[in-house]
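Here are a few exercises to work through with a structure on your screen. Take your time with each task before you read its solution.

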Amino acid sequence: MPMDSNAVISEIKKGVILESLKNGKRLDGRAINDFREVKITENYIPKASGSAMVELGKTKVVAGIKIEEGTPFPDSPDNGVMALNVELLPMAFPTFESGPPSEQAIEFSRVVDRGIRESKVIDTSKLVIESGVKVWMIFVDIDILNYDGNIIDACTMAVVAALRSAVVPASKLGKEDFKLPVNSTPVSVTMAKIGDELVCDPDLQEEQVSNGRITITMSEDNHIHAMQKGDVGEFSLEEIRKAIKTSCDTGSGLRKELFKVN
Amino acid sequence: MEGNVKLITDDGLRLDGRSSNEMRPIKLQTGVIEKADGSAYIEWGANKVVVAVYVREAYPKHAQNMDRAIVKARYSMAGFSVEERKRPGPDRRTMEISKVISEALSSAIILEKLPRAEVDVFIEVLQADAGTRIASLTASSVAIADAGVPMRDLVVGCTAGKAGGKIVLDLSKDEDNYGEADIPMAILPRTGKVVLLQIDGDVSPEEFDEATSMIVNAMKDISKIQRDALMKTYSIEGGE
């Protein structure tokens with residue numbers, strides 16, 4: 001992810017990363033398909049309807065969910081609404097700036113959103129209060145607190161964890177609060193192309209030397225629900241097929257490890 | 001909503017009568033904007049898109065890249081381009097599309113030949129009917145060539161997707177709205193490398209393979225349309 005001048009990395013470091021990869025090794029000792037250590041803290045923000053903090057190596061993100069009443073879209077009167085936004089906070093990285101969301105932030109938001117939405121994690125038909133008049137709206141906000149590579153996967157993990165812990169505040173309407181029904185457990189796997197290798201969960205310096213990124217989000221059904229080729233770079237169809245296989249294998253492993261589902 | 005619309009008829013055809021691997025008709029023309037350095041107009045089914053390219057010194061100066069050009073595509077939709085009026089100006093969708101188009105074009109242009117330059121690609125969708133991003137990208141590479149910018153190849157885009165349980169080429173509006181998956185993709189035909197790829201929906205890895213091979217097959221025809229459009233403008237009467 002060439003994020004302008006502060007993202008410049010020395011040619012020497014680049015050489016070391018490439019050389020090491022030729023022997024199947026990454027600088028932090030990981031294998032090509034390994035993720036960094038993941039730590040998920042559920043219910044990190046008790047005042048939110050659902051929340052989670054995710055630490056993916058040194059990348060740190062917090063997803064918080066607020067569930068509020070609102071009006072449905074006119075073309076889908078019998079569905080609740082989900083909106084998702086990723087904030088690249090200026091505290092997280094020297095070149096992140098305050099102000100309206102950057103192209104980069106919007107791309108991240110939309111890729112994470114598609115993975116969650118298309119995996120049908122939330123059955124929005126169960127979020128209707130009064131058909132065509134009132135529905136539950138799920139606002140998912142994700143703050144990036146520290147950026148050390150692979151924001152997309154950290155965000156997807158945080159959103160899934162937060163949704164799994166979320167409670168719909170129906171007591172506001174004199175009914176009983178209920179756990180947000182969650183139907184699937186999508187996991188996104190982002191790979192960076194470095195030389196001829198595809199490495200999973202690139203850290204910052206790996207992103208800086210990479211030629212292209214690809215994210216594939218799959219659910220328990222092992223179907224592709226979202227895919228995004230990002231950054232300038234080229235992939236052969238062979239590489240993309242390999243990436244799908246990796247996403248499938250690595251994703252299943254993560255799903256089991258992090259969310260205890262198969 | 002899904003499931004209520006029958007996208008594949010009993011005789012196996014699509015609602016608009018196409019077979020699964022049949023494209024909509026494409027018309028492509030260069031030199032449509034007189035003031036621009038290069039331009040193109042594409043009609044892809046009912047999509048109508050104009051692209052104009054300006055090549056200039058990047059501004060502000062600190063944004064210049066000393067060893068290569070930067071590419072800035074701006075995808076925009078006219079207010080009247082869709083069923084319900086779209087509020088003009090960038091939104092999250094158009095900003096993402098601008099980004100992925102810029103990145104795809106960056107792979108096609110020989111950026112090192114134009115240090116400190118900026119290649120501005122202005123894309124205006126006059127009428128939208130599914131598949132505007134790849135129609136825009138296909139037209140943009142022709143407009144960039146028309147501007148005389150050195151290129152490795154002409155990017156070719158096409159979508160495939162899943163509708164009514166079947167993998168189909170070049171989704172129609174209905175298939176895009178009510179189908180199961182949308183797969184826009186763009187390739188540099190010379191090397192077969194993928195420079196744009198997005199998916200949303202639900203496809204298995206096998207279906208993905210089927211969709212991509214359909215797209216790759218269609219690329220040859222689209223590539224020819226691009227070359228013909230340039231030849232029409234630049235071939236010399238009576239020459240070789």
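The exercises below concern this predicted model.

**Exercise 1. Describe the overall build of chain A.**

Step 1: start with the secondary structure. Chain A holds five helices and 12 strands.

Step 2: check how compact the chain is. Its radius of gyration is 19 Å, and the globule rule gives 18 Å for 262 residues; these values are close, so chain A is as compact as a globular protein of that length.

Step 3: look at the extents and the interior. The C-alpha trace of chain A spans about 65 × 40 × 35 Å along its principal axes, and 46% of the 262 residues are buried.

Step 4: ask how far apart in sequence the contacts reach. Among contacts in chain A with a separation of 6 or more, 69% involve residues 24 or more positions apart.

**Exercise 2. Trace the sheet that contains strands of both chains.**

Step 1: write down the strand order. The open sheet has eight strands, 10(A)-9(A)-11(A)-12(A)-9(B)-8(B)-6(B)-7(B), with antiparallel pairing.

Step 2: find the edges. Strand 10 (197-200) of chain A and strand 7 (166-169) of chain B each pair on one side only.

Step 3: consider the twist. On average, neighbouring strands of this sheet are turned by 20° against each other, direction ignored.

Step 4: find where the chains join. Strand 12 of chain A and strand 9 of chain B run antiparallel and are joined by four bridges; one pair to look for is Ile224(A) with its bridge partner Val203(B).

Step 5: go to the far end in chain B. Strand 6 (residues 156-163) and strand 7 of chain B pair antiparallel over four bridges, with Lys162(B) opposite Ile167(B).

**Exercise 3. Examine strand 9 of chain A: is it enclosed or open, and who are its partners?**

Step 1: judge the burial. Eight of the eight residues of this strand are buried, so strand 9 of chain A is largely enclosed by the rest of the structure.

Step 2: sort the side chains. In a regular strand they alternate between the two faces of the sheet. Here Val187(A), Val189(A), Met191(A) and Lys193(A) point one way, while Ser188(A), Thr190(A), Ala192(A) and Ile194(A) point the other way.

Step 3: follow the pairing on both sides. Strand 9 of chain A pairs antiparallel with strand 11 of chain A over six bridges and with strand 10 of chain A over four bridges. Ala192(A) has Arg213(A) as its bridge partner in strand 11 and stands opposite Val199(A) in strand 10.

Step 4: inspect the turn. Strands 9 and 10 of chain A form a hairpin with two residues between them, and Gly195(A) in the turn has a positive phi of about 60°.

**Exercise 4. Characterise the contact between the chains.**

Step 1: count the residues. Chain A contributes 21 residues and chain B contributes 24.

Step 2: locate the elements. On the side of chain A that touches chain B, helix 2, strand 12 and helix 5 (237-259) each supply at least two residues.

Step 3: classify the residues. That side of chain A has nine nonpolar, four polar and eight charged residues.

**Exercise 5. Check the length and surroundings of helix 2 of chain B.**

Step 1: compare the spans. At 1.5 Å a residue, the 15 residues of this helix (132-146) should span 21 Å, and the end C-alpha atoms are 21 Å apart, which agrees.

Step 2: assess burial. Helix 2 of chain B is mostly covered, with 15 of its 15 residues buried.

Step 3: look just past the helix. Gly148(B) follows helix 2 of chain B and has a positive phi, near 80°.

How values were computed:
Residues are numbered from 1 along each chain as its sequence is written. Chains are lettered from A and ligands numbered from 1 in the order in which they are written. This is a predicted model: local features need pLDDT of at least 70, side-chain atom pairs count only at pLDDT 80 or more; totals for chains, interfaces and linings use all residues. Two strands pair if DSSP finds at least two bridges between them. Axes are lines fitted to C-alpha atoms, for helices over the stretch in contact, and angles run from 0 to 180 degrees between N-to-C directions. The radius of gyration is taken over C-alpha atoms; the globule rule is 2.2 Å times the number of residues to the power 0.38. A residue is buried if 20 or more other C-beta atoms lie within 10 Å of its own, exposed if 12 or fewer, and partly exposed in between; C-beta atoms are placed from the backbone. Two residues are in contact if their C-beta atoms, placed from the backbone, lie within 7 Å. Ala, Val, Leu, Ile, Met, Phe, Trp, Tyr, Cys and Pro count as nonpolar, Asp, Glu, Lys and Arg as charged, and the others, Gly among them, as polar. The expected span of a helix is 1.5 Å times one less than its number of residues.
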